[in-house]
Structure formats: C-alpha cells, structure tokens
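Here's a quick briefing to read with the structure open beside you. It starts with an annotated span and works through the fold, a helix and a handful of residues worth clicking on.

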Amino acid sequence: MQVMENLVRTTVGMSTNIVWHECSIGKLERQNLLMQKGCVIWITGFSVSGKSTLASMLNRQLHCRGHVSYVLDGDNLRHGLNKDLSFKAEDRAENICRVGEVAKLFADAGVICTASLISPYRRDRDACRALVPDSMFIEVFMDVPLKVCEERDPKGLYKLARAGKIKGFTGIDDPYEPPMDCEIVIQLKDGKYQTPKAMAEQVVTYLEENGYLKA
C-alpha cells in the first residue's frame, strides 16, 4: 500500500492502484430517507422448493406497505450478469459471490434486497453473510424435502437429471448443504406447501419484529 498525494492506493485481487472514494451521503442518511433498514434476505433451498414464489410475494407485500425492495433471482441473473457461468462447483461459487456483492450494494443503499438462489454450498452462503454486518443478513431456508420437490417438478428438470441428461443437479448428483443456524425456516404445513401469502407474512413479521421496516 502506498500513500501518494494524500490518496491511499491499494491492490485488491487483480486490481492495482485503486482508491476507495467515500460517498458524501452515508448509509444512515439513506435509511432515514427511505424509512427502512437495508438488508439482504437470502432465500436458499432445492429447486422447486418455492424460493422464487416467496421472493415475488414478499416483494409485492413490501411494495404495498410502502417499502423499497428488489429481487435478485438466480435464473434471471444467469440471463445477464452470470450468463458466462456454468453449474460446475467453481462456477456456482463465482455465481454466488457476484450475487452477494450486488446484494451488499443494494443493502448499503437502504434497499431490502431479496436474493433467491439454490446456493447449495454452506461456505458460499457464509461468505455472502460475511460481506455485510451480520444484522443485515437474513438467511431463509426453504425446508422442503427433496422428494416433495421432485414430485412437483413442473419443468421436468428432476426427471432429466435422474435420466442423466442434466449433470450437476442439486439433490441428484450434486449435494445441498442446509443452513446450520439460519434466521427463518419455511416448512410445509400438513405435508403441503404453504400459500405464498403465508410464507411472505412469516418473513415480513420477522422484519417488523427486528426493526427493518422503520429507520
């Protein structure tokens, strides 16, 4: 690290001679303007466990309550930001890393950011948690058994994976590591999926009780 002309120039990864510029408006000022606390709601679980359904309904409920929120959906991001990545372990890790960095920016801006991804590996999710203050990261585990997800399978992806036509499919030939200590667990009710509204309300209640919906 060199100090030149009163600027601290650093090297981060492969980037050299870069300088961090502080914004003239701080996080607390942005939160006060929006009357909410920015955070990352990280929804993880098997394919077809209801992650995107929850994210969409949660986004709608927050919007109707007058809060600013945004959804980072795993499939949507692979249409653009992460379209150069495969589903191999190393690319999955990079996929999660990129989403984590984007989610961090949204949270810092005061936005309630929901990231909806399978994110099968515990170490990758923990790395995203480490990007923000712990109180700003809310991990939501869609605790739906693989058997139930596979029976639902509207896109036929599990069937293709079982037939060997899709490689590296989570739950079939690639592992899923459930959270050890997440903030919210969404489970089946009487063996059936909860309604999207009920799932979203569970998350909204957590946000209310922990002061995220007021600056």
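UniProt, in an unreviewed entry, lists residues 37-187 as "domain: APS kinase". In this predicted model, that span is 39% helix and 18% strand, and its end C-alpha atoms lie 26 Å apart. The protein chain as a whole has eight helices and eight strands.

**Overall build**

- The radius of gyration of the protein chain is 19 Å, close to the 17 Å that the globule rule gives for 215 residues, so the chain is as compact as a globular protein of that length.
- Along the principal axes, the C-alpha trace of the protein chain spans about 65 × 40 × 30 Å.
- Of the 215 residues, 40% count as buried.
- Take the contacts in the protein chain with a separation of 6 or more: residues 24 or more positions apart account for 72% of them.
- The domain assignment splits out domain 1 (1-26) and domain 2 (35-209).
- The centres of domain 1 and domain 2, taken over C-alpha atoms, are 33 Å apart.

**Helix α2, residues 51-64**

- α2 has 14 residues, which at 1.5 Å a residue should span 20 Å; the end C-alpha atoms are 20 Å apart, so the model agrees with that expectation.
- Which residues of α2 are buried? They are Lys51, Leu54, Ala55, Leu58, Gln61 and Leu62.
- These buried residues cover an arc of only 135° around the axis, which means they sit on the same side of α2.
- What do the buried residues of α2 pack against? The partners are the strands β4 (39-44), β5 (69-73), β6 (112-116), β7 (137-143) and β8 (184-187), plus the helix α8 (196-209).
- Flip to the face turned away from the buried side of α2 and you'll find the exposed residues His63 and Cys64.
- Following α2 comes glycine 66, with a positive phi near 90°.

**Histidine 67, just along the chain**

- Histidine 67 is in the loop between α2 and β5.
- Buried or exposed? Histidine 67 has a relative accessible area of 12%, so it counts as buried, the cut-off being under 20%.
- Setting aside neighbours within four places in sequence, histidine 67 is in contact with Met35, Gln36, Leu62, Ile112 and Leu213. Leu62 is also one of the buried residues of α2.
- Histidine 67 and valine 111 are 44 residues apart in sequence, yet their C-alpha atoms are 8.3 Å apart in space.

**Leucine 34, in helix α1**

- Leucine 34 belongs to helix α1 (residues 27-34).
- With 26% relative accessibility, leucine 34 counts as partly exposed, because that class runs between the 20% and 50% cut-offs.
- Not counting residues up to four places away in sequence, leucine 34 touches Val68, Ala109, Gly110 and Val111.
- Glutamate 183 is another matter: leucine 34 and glutamate 183 are 149 residues apart in sequence, and 24 Å apart in space from C-alpha to C-alpha.

**Positive phi outside glycine**

- Some background first: most residues other than glycine have a negative phi.
- Valine 48 has a positive phi, near 75°, and lies in the loop between β4 and α2.
- The relative accessible area of valine 48 is 17%, so this residue is buried under the 20% cut-off.
- Aspartate 153 also has a positive phi, near 35°. Look for aspartate 153 in the loop between α6 (146-152) and α7 (157-162).
- Aspartate 153 is buried too, with a relative accessible area of 13%.

**Asparagine 82, a buried loop residue**

- Where is asparagine 82? It's in the loop between α3 (74-77) and α4 (89-108).
- Despite the loop setting, asparagine 82 has 0% relative accessibility and so counts as buried.
- Leaving aside neighbours within four places in sequence, asparagine 82 is in contact with Leu77, Asn95, Arg98 and Val99.

Technical notes
Residues numbered from 1 in each chain as written. Predicted model: local features only at pLDDT ≥ 70, side-chain atom pairs only at ≥ 80, totals over all residues. Heavy atoms only, no water. Helix = DSSP H or I, 4+ residues; strand = E, 2+ residues; numbered from the N terminus. Buried < 20%, exposed > 50% of the residue type's maximum accessible area, 1.4 Å probe, protein only. Contact = heavy atoms within 4.5 Å. Domains from an automatic or database assignment. UniProt positions renumbered as here; feature names shortened; annotations may be inferred. Expected span 1.5 Å × (residues − 1). Arc of directions from axis to C-beta. Rg over C-alpha atoms; globule rule 2.2 N^0.38 Å.
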